[in-house]
Amino acid sequence: TSHPPPPRRASLCGAWRGAELLAPAMARQGAGALLASGTLGFPPQNLARVVVWEWLNEHGRWRPYSAAVCHHIENVLKEDARGSVVLGQVDVQLAPYVIDLQSMHQFRQDTGTMRPVRRNFYDPSSAPGKGIVWEWENDNSSWTPYDMDICITIQNAYEKQHPWLDLSSLGFCYLIYFSSMSQMNRQTQRKRRLRRRMDLAYPLTMGSIPKSQSWPVGASTGQPCSCQQCLLVNSTRAASNAILASQRRKLYPGGAGTLPVRQSSTFAGGTLWPAGTGMAAGGVAKGETPRAPAGAFGRSQSAPSGAQLPGLNNLNRPGTQRGAGVSARAAVPPGVPALPVKNLNGTGPVHPALAGMTGILMCAAGLPVCLTRAPKPILHPPPVSKSDIKPVPGVSGICRKTKKKHLRKSKNPEDVVRRYIQKVKTPPDEDCTICMERLVTSSGYEGVLSHRGIKPELVGKLGKCGHMYHLLCLVAMYNNGNKDGSLQCPTCKAIYGEKTGTQPPGKMEFHLIPHSLPGYTDSKTIRIVYDIPTGIQGPEHPNPGKKFTARGFPRHCYLPDNEKGRKVLKLLIVAWDRRLIFTIGTSNTTGESDTVVWNEIHHKTEFGSNLTGHGYPDPNYLDNVLAELLAQGVSEATLKD
């Protein structure tokens, strides 16, 4: 993910409409509002306000940082309003993130993803000023804080002893019941638990922030911090300095009259702007104009006087004003070079994290930067008419359905185990890797399992791989599995018999569409559509008799229409028939339990890009998925049979 994990929110009534949502929030007493003073959005002089720093998530909602993080940001801000804030220094869960105070963006170092942040103000008597946090219980049984304006609204109703609160005015179709401390969806009637807890109060501020100072923070000796986060930031800063210098030499070989590139003071041992230089907010010395490189102006032209670089003094600026500041970068004064950083999507020669950090530092150096937003993945192909959908050559049919297969009770566990092992009369003095007892002693399952004809001291060797176990341990392992007549060696994963899984009933469709995948421009595309409905778990599932969910279906997957792609499709059909594609478990993405999840056979669900790692181009994917199918006992020999 490229930012702090977005909160899971129950479904909303219709789409969010930012303008409609903001109006009641700003009109309500005590609610969050960007209190503008002049053009910078500072709180009025001598008026105390609670400061809450927030980041913009992918749903267009401003999510608050915790009070501890906000205190940390404010402390850095007091020392250096143009610096960067390493969030991992106060919250280990935010270790990859850095906030650039000048551009007002949160930057993720390992992916290069950037998200806007803002410094918002609230009444000191409101919930954040008292350290009160309202949270709802998500599907993972953990607690998620409400957006700050909603938190304040709930706290106001709570203090007035209202029995309930309707959140419709904020765009949510929820009712809050204080007697039962619950939230109810008005459409689905689903209830969630609610809680109110005390935390650290958010920081207070009076008037405007101090004048900008230089990096590093305070009157340091220029020695960088030794923590891992700062080392990463500093090393990236040094690399970006080299990139900037190289760019400058390429753009302006003569070097005469060019705007100097400011080097990082972390390595220079001094401040960026020594005392007495009198730098204006725009990054240009007072009374001076930016010196233009040779050829930038005609002989009769000169650089515009007093030109200020956009992007500075952007702190606390309302969203519309910040947007104007960004658009102003399109009109960069011709005397100042604009060095774009356009490879944040990872397609360029520079690592995305380095590209993003370079952009931040260029902005801090007073250079205009063209930062691209993280692109959205292309999940689906262009629309395809039914007449253009064709069967896959060499593959019979276009659809496979599976029904719930009842367990074959006729397969006795002892018979299955005896089918694949050879008795060992004199076992070696080593561990049985199932019970971790010595093979020369009795099985650890002695007294736990009792099977006629199998003594606890009997040892067997699997025929293909030769690994040895207690027979009673193999019976216990079989009873704990799918009981489908197959056995899998716990050491080397060799499969004996035909392995089947616990995939719920569903449908698999496959056909050809007239579009090409990235990296396979000469081939059409095989599209696979999996569809599994919700249902009740069977005896082979984790919680028999309990309902399971099926999120994100139908799921669309893609293969290139070439020889290897068609081979993979045929094997996937075999895996589907054996119920190996999906299983019921806990989602690694959402943490939801009792839901349909992938079962160790990777699929490509991203059609026209590879931003998530589940798309193309990926030259090794077909070989990798063939290996994963083989690990499930699905091989080319299966097709010959």
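These legends go with a set of close-up views of a predicted model.

**View 1. The whole chain, before zooming in.**
The protein chain holds 13 helices and 26 strands. Of its 641 residues, 47% are buried. Take the contacts between residues at least 6 apart in sequence: 65% of them join residues at least 24 apart. The accessible surface of the chain comes to about 31,600 Å², and carbon and sulfur atoms account for 53% of that area.

**View 2. An open, antiparallel sheet of six strands.**
Read across the sheet and the strand order is 8-7-12-11-10-9, with antiparallel pairing. Strand 8 (143–145) and strand 9 (164–166) sit at the edges, each pairing on one side only. On average, neighbouring strands are turned by 30 degrees against each other, direction ignored. Helix 4 (residues 148–159) packs on this sheet, where it touches strand 7 (132–137), strand 9 and strand 12 (191–198). The directions of helix 4 and strand 7 make an angle of about 105 degrees. As background, the strands of a sheet pair through backbone hydrogen bonds, either parallel or antiparallel.

**View 3. Strands 9, 10 and 11, with a hairpin.**
Start at the edge: strand 9 runs antiparallel to strand 10 (residues 174–177), and three bridges join the two. Leu165 stands opposite Ile176 of strand 10 here. Moving on, strand 10 is joined to strand 11 by four bridges, again antiparallel. Tyr174 has Asn185 of strand 11 as its bridge partner. Strands 10 and 11 make a hairpin with four residues between them, and Met181 in that turn has a positive phi of about 50 degrees.

**View 4. Strand 11 and the next hairpin along.**
Which way do the side chains of strand 11 (residues 182–185) point? Ser182 and Met184 go one way, Gln183 and Asn185 the other, and all of them are buried. Three bridges tie strand 11 to strand 12, and the two run antiparallel. One bridge pairs Met184 with Lys191 in strand 12. Five residues lie between the two strands of this hairpin, and Gln189 is in the turn.

**View 5. Two residues with an unusual phi.**
Most residues other than glycine have a negative phi. Gln189 is not a glycine, yet its phi is positive, at about 70 degrees. You'll find Gln189 in the loop between strand 11 and strand 12. Is Gln189 buried or partly exposed? Its relative accessible area is 47%, so Gln189 counts as partly exposed. Glu600 is another non-glycine residue with a positive phi, near 65 degrees. Glu600 belongs to the loop between strand 26 and helix 12. With a relative accessible area of 58%, Glu600 is exposed.

**View 6. Helix 11 and the residue turn that follows.**
Helix 11 (residues 563–577) has 15 residues. From first C-alpha to last it reaches 22 Å, close to the 21 Å expected at 1.5 Å a residue. The buried residues of helix 11 include Gly565, Val568, Leu569, Leu571 and Leu572. Ile573, Val574, Ala575 and Trp576 are buried in helix 11 too. Just after the helix, Arg579 takes a positive phi of about 65 degrees.

**View 7. Two cis peptide bonds, each ending at a proline.**
Most peptide bonds are trans, but here are two that go the other way. Phe553 and Pro554 are joined by a cis peptide bond with omega about 0 degrees. Pro554 sits in the loop between strand 23 (547–548) and strand 24 (555–560). Tyr616 and Pro617 are also joined by a cis bond, with omega about 5 degrees. Look for Pro617 in the loop between strand 26 (595–598) and helix 12 (621–631).

**View 8. Cysteines without a disulfide.**
How many disulfides does the structure hold? The count is zero. Why is Cys492 not bonded to Cys489? The Cys489 sulfur is the closest cysteine sulfur to that of Cys492, but at 3.7 Å it is too far for a bond, since the cut-off is 2.5 Å. Cys492 is partly exposed, at 37% relative accessibility. Cys70, meanwhile, is buried, with a relative accessible area of 0%.

Methods: Residues numbered from 1 in each chain as written. Predicted model: local features only at pLDDT ≥ 70, side-chain atom pairs only at ≥ 80, totals over all residues. Heavy atoms only, no water. Expected span 1.5 Å × (residues − 1). Buried < 20%, exposed > 50% of the residue type's maximum accessible area, 1.4 Å probe, protein only. Pairing = 2+ DSSP bridges. Axes fitted to C-alpha atoms, helices over the stretch in contact; angles between N-to-C directions. Contact = heavy atoms within 4.5 Å. Areas by Shrake-Rupley, 256 points an atom, 1.4 Å probe, with all protein chains shown as cover.
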